[in-house]
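Hi,

Here is the structure I promised to pass on. Have a look at it first, and then read my notes below.

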Amino acid sequence: MSNLDLRPAPAVCGGRQDVTARPVRDLLPGKTVPLGESTVVRRLLPNLGRRMVGAWAFVDHYGPDDIAREPGMQVPPHPHMGLQTVSWLHDGEVLHRDSLGSLQTLRPGELGLMTSGRAISHSEESPREHAPVLHGAQLWVALPDAHRHTDPTWEHHAELPHVTGGGIEATVIMGELAGTTSPATTFTPLVGADIALATGSSARLPVRPDFEYAALTMSGEAEVDGVRLAPGSMLYLGCGRSELPLRADVDSSFMLLGGEPFEERIVMWWNFVGRTGEEIAEAREAWTAGERFGTVRGYDGDRLAAPALPPVPLKARGRQR
């Protein structure tokens with residue numbers, strides 16, 4: 001998914017100095033952002049209170065939206081570099097096309113994972129004939145310096161492992177949770193899981209003290225470490241926990257995002273993750289010139305034009321590796 005903001009603000013992210021080393025319960029305010037003709041998303045990361053959670057650098061939650069008489073998601077071809085895109089649905093379908101020639105319809109419970117590496121472009125749209133409801137999340141994972149120039153790849157995982165017990169069922173989307181590991185490719189220690197809680201359930205989920213975590217409620221009213229979360233709410237949990245208390249009075253679900261704090265300082269602007277403003281400017285110029293990012297074939301429409309760069313030079317501050 002693209003950042004369709006016509007004036008995207010640059011974000012300097014990463015570095016352990018921004019990580020809360022103890023358990024906390026910080027509710028992160030979301031920002032409503034239009035995405036195409038008929039989709040509105042709640043942007044939870046990055047925001048003023050929190051730039052990253054582990055290597056997770058971007059989180060959009062959308063829906064549930066009634067798109068029975070609407071075109072649904074329509075995101076034209078756009079570029080990415082230095083990151084992975086994670087597509088996750090609860091309802092509906094999304095048709096993915098990319099410059100590698102991939103063509104894949106994603107459905108609820110299936111993972112679409114695109115590693116941009118040095119450069120890729122893709123589009124996302126609701127199929128012409130689509131389900132009446134669209135609901136899901138789009139997330140980005142920042143790639144560490146050692147892997148950010150890798151070849152671009154696309155992965156589709158129709159089956160993912162589960163962790164069950166105590167009235168919960170967790171789908172392990174990325175990384176490892178409670179001894180269960182996803183088949184998805186990762187480049188830093190992290191976890192992404194979709195956790196369903198049955199009505200009246202109560203459990204204590206084992207987590208890693210060296211990871212920082214956040215919880216994004218998808219449906220119902222999950223109670224995470226004593227904090228009840230409405231759909232579309234994100235709770236930052238910090239580090240230092242070995243288990244996470246969960247309960248629900250109604251059927252609920254939330255995404256657990258976590259990982260080892262990302263030490264490298266990065267610059268994120270529009271759909272690019274780099275290390276310097278010069279890298280970002282070069283990527284924008286390449287996309288505008290029709291170079292480097294390839295061509296998405298089969299999309300009925302024009303590709304997305306890059307917005308203007310901000311007048312202030314982009315710089316990553318603090319420690320880099």
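Keep in mind that this is a predicted model. I'd start with the inside: the largest nonpolar core has 39 residues, and the ones with the most contacts within that core are Val86, Met174, Met234 and Met255. Strand 12, which covers residues 133-142, gives the most to this core, with 5 residues.

Val86 is a handy one to click on. Setting aside neighbours within four places in sequence, Val86 is in contact with Met174 and Ile173, and its other partners include Trp56, Leu111, Leu113, Ala137, Leu139 and Val141. Gly112 and Gln138 are on that contact list too.

Apart from this core lies another one, of 25 residues, with Ala193, Leu197, Ala215 and Val224 among them.

Now for the overall picture. The protein has 26 strands and 1 helix. Among contacts between residues at least 6 apart in sequence, 73% join residues at least 24 apart. The C-alpha trace spans about 55 × 50 × 30 Å along its principal axes. Is the radius of gyration what a compact globule would have, or not what it would have, and why? With 321 residues, such a globule would come out near 20 Å, and the protein has 19 Å, so the two agree.

As for burial and surface, 57% of the 321 residues are buried. The accessible surface comes to about 13200 Å², and carbon and sulfur atoms account for 48% of that. On the charge side, there are 40 negative and 30 positive side chains, and the centres of the two sets lie 7 Å apart.

Cheers

Definitions and conventions: Residues are numbered from 1 along each chain as its sequence is written. This is a predicted model: local features need pLDDT of at least 70, side-chain atom pairs count only at pLDDT 80 or more; totals for chains, interfaces and linings use all residues. Side-chain values use heavy atoms; hydrogens and water are left out. Helices (H or I, at least four residues) and strands (E, at least two) are DSSP runs, numbered from the N terminus. The radius of gyration is taken over C-alpha atoms; the globule rule is 2.2 Å times the number of residues to the power 0.38. Buried means under 20% relative accessible area, exposed over 50%, partly exposed in between (1.4 Å probe, protein chains only). Contact means heavy atoms within 4.5 Å. Accessible areas come from the Shrake-Rupley method with a 1.4 Å probe; for residues, only the protein chains shown count as cover. Lys and Arg count as positive and Asp and Glu as negative; His and the chain ends are not counted. The place of a charge is taken as NZ of Lys, CZ of Arg, CG of Asp or CD of Glu. A nonpolar core is a set of buried Ala, Val, Leu, Ile, Met, Phe, Trp, Tyr and Cys residues joined through side-chain atoms within 4.5 Å.
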